[in-house]
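Trainee: I would like a close look at a single part of this model, taken slowly and set in the context of its chain. Could you also say how the cysteines should be treated?

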Amino acid sequence: MSGPSGDKIIYVDMTNQTAEVKDFPEEWKLLGGRALSAKILTADCDPKCDPLGPDNVLVMAPGVLSGTAAPTSGRISIGAKSPLTGGIKEANTGGQPGQHLMKLGYRAIVVKGAPSDAEARYAVEINEDGVSVTSADAHKGKWNYTLCQDLHGQYPKTASFITCGPAGEARLSGASVATTDQDNRFPARHAARGGLGAVMGSKGLKYVMVDPGRASVRQPSDRKKFGELCKTYTKDYLDGPQMFKTGTSSVVPVANMLHTFPYKNRVEGQSPDAQTLDGARIVESFETRGGEMHNCMTGCIVKCSNVVHDAQGEYKTSALEFETLTLLGANCAVASWEDVADMDRLCDEVGLDTIETGAAIAVLMDAGQLEWGDAEAMKKLIAEIPELTDRGKAIGNGAVATGKFTGHHRVPHAKGQAIPAWDPRPLKATGVTYCTSPMGADHTAGLIVNPGLQPDQFAWESQKVQIVNAVCDSSGFCQFLQPNLDNIRDFYGALYGEEFSREAIHDQGWECLADEWAFNDAAGFGASDDVMAECLSKDPINGQVFDVPADIVAAARQRMPAQDDLFEAKASG
Amino acid sequence: MPTVLIPPPYRGPTDGAAEIVVEGDSVLACLEAVGRKYPGFLDQVLTADGAVHRFVKLFQNGEQLDGDVLSVAVSEDDSIEILAAIAGG
């Protein structure tokens, strides 16, 4: 046996609203998620195209292991040319659609073209009977939760959804793509970074419905070995410290201690409100309000997602993550996690990246156009974004756009994308990732939280984790499971019944990055774009600026020989 | 002598050192020995009241410690590992 076979790929042409199903190329069988998206975009998308025009290509690709019994492996990558960075972009998310697509044997959805009527809305429906494109005009403009509530009544209970909120419909560069989670089927999971929701909106695509019906779990070639791997890996994880069992929001005190919990548009690295923004407060609230830790997708053993309730015990949002508490909280001088929870829900409703939105509002505040810490004004501002006020459009288009709108000089970004919580001044190797990653400033591309690293270690440490994360984001595994390359190649080997060498998996990770860099080079990027925003090189926090020499930054893009630590390094984002 | 394994996030004060051999017959004595050598380290592990930070987990020879972890006896060849959760989300 050769493992899963008969896989397909869906091509949707939004110009004439048709869908075609083709055989998935055998030579691509070990390409999934981010690597598959990069391969398709390199082949099918003109790097110089208008990101919001019909020539951009939107890819939705689950990981190689999605739909199998491998633990926490159902993530789906969304990819396209980014309207935010102007380069290639991949953002991945949990929820159920990745699992469902792969159970049906669909390795990717490739969306091309755009309808002639920019006001028309469409849906792609996928089930055991095939694929079709239908009108979704009735759902035009709906916020994500209302949309999904209505879709639940329209489709079978087994269905999951990939949706575009009003920010995406308005083609705002901070717009996200939402997916529904496994228990409540809320649109609470987001492929948030890079404005991919705007690409979805530009194609008139309001939602994708995936109903697996009675489709079963994908069967590996070597069932015995695959089953043993699942059992051993799960046991080892559950017997271990389970560092994320109270969610990423519990990272707040560590980040604050390390001066990477930015305050007031990153003029400081610590917030005086770290105690009240600490995720521990959320966990404490479970006792009186309800709420819990849960898994966003079937088969997840990490369960890092917190379900947050309000004071009346009603569901408010999930998951309230560390990044959101940082960018919409500390970075805007907001002190209350409950206010951040309200804004997280609003961003999920409108379909916005909480990192980009928080960074943009902090720029607005730093420019003196909104009071620091005024959470109520922030909520009103986020809610007005779909109304496309001038200020709302600026915020919805991200931090750089807000800098232009206000004329304010301090805009912390790399390649047009706002810096996430992890700050490149105390964490310089992470800064090297922000400069060199094809994704721009994205911690999930390669986070290195090691303030003791010496400058001669930055390039390899960045390259190493960029490779590991690229492979992880192609596998379907969640980064919070923290698999290493040896773990992933073991699963691939059992899935397809063949040996997958260390050299091969190193090559796969590098090829993904090389494809993405080639796309960006063809789009017009050069070495001079591998830089950090000037404010981060001039304004210190805790006495440190980002001062990594250009030759060290450039070295992270030159392939280095694999060292043993490459295969032992865990995915980190 | 026991070895204290330092996680990457806490290697700022140790100038990047990942393993530090110390003298000490308890977990607390070992941690304090690292703190004496590297100012700033101990604050990352212990609160001002001397308790282990909620977000820190300690392991002895690979086994997670719980209860009164600072009083646990340490032998010559033992390793004490510190873990701290790091993730973005």
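Mentor: What follows begins with the confidence of the model and the chain as a whole, then turns to one loop residue, and ends with the cysteines.

This is a predicted model, and the predictor assigns the complex an ipTM of 0.93 together with a pTM of 0.97. For chain B the mean pLDDT is 95, with 100% of its residues at 70 or more.

The part to look at belongs to chain A, which has 22 helices and 17 strands and whose C-alpha trace spans about 60 × 55 × 50 Å along its principal axes. Of the 573 residues in chain A, 67% are buried, and the accessible surface of the chain comes to about 18600 Å², with 47% of that area belonging to carbon and sulfur atoms. When contacts in chain A between residues at least 6 apart in sequence are considered, 72% of them join residues at least 24 apart. As for charge, chain A carries 53 positive and 75 negative side chains, yet the centres of these two sets lie 2 Å apart.

Within that chain, take Val545(A), which sits in the loop that runs between α20 (534–538) and α21 (550–555). Leaving aside residues up to four places away in sequence, Val545(A) touches Leu536(A), Ser537(A), Lys538(A), Asp539(A) and Pro540(A), and it also touches Arg425(A) and Lys428(A). The C-alpha atoms of Val545(A) and Cys535(A) are 8.9 Å apart in space, while the two residues are ten apart in sequence.

Cys535(A) leads to the question of the cysteines, and here it helps to recall that a disulfide is a covalent bond between the sulfur atoms of two cysteines. With a pair counted when the sulfur atoms lie within 2.5 Å, the number of disulfides over all chains is zero. Cys300(A), for instance, is in no disulfide, since the nearest cysteine sulfur, which belongs to Cys296(A), is 6.0 Å away. Cys300(A) has a relative accessibility of 10%, and therefore counts as buried, the cut-off for that class being under 20%. Cys512(A) is likewise in no disulfide, and for this residue the nearest cysteine sulfur is that of Cys472(A), at 12 Å. Cys512(A) is buried too, because its relative accessible area is 2%. For your treatment of the cysteines, then, the model itself gives a count of zero disulfides.

Conventions:
Residues are numbered from 1 along each chain as its sequence is written. Chains are lettered from A and ligands numbered from 1 in the order in which they are written. This is a predicted model: local features need pLDDT of at least 70, side-chain atom pairs count only at pLDDT 80 or more; totals for chains, interfaces and linings use all residues. Side-chain values use heavy atoms; hydrogens and water are left out. pLDDT is the predictor's confidence in each residue, from 0 to 100. Helices (H or I, at least four residues) and strands (E, at least two) are DSSP runs, numbered from the N terminus. Contact means heavy atoms within 4.5 Å. Buried means under 20% relative accessible area, exposed over 50%, partly exposed in between (1.4 Å probe, protein chains only). Accessible areas come from the Shrake-Rupley method with a 1.4 Å probe; for residues, only the protein chains shown count as cover. Lys and Arg count as positive and Asp and Glu as negative; His and the chain ends are not counted. The place of a charge is taken as NZ of Lys, CZ of Arg, CG of Asp or CD of Glu.
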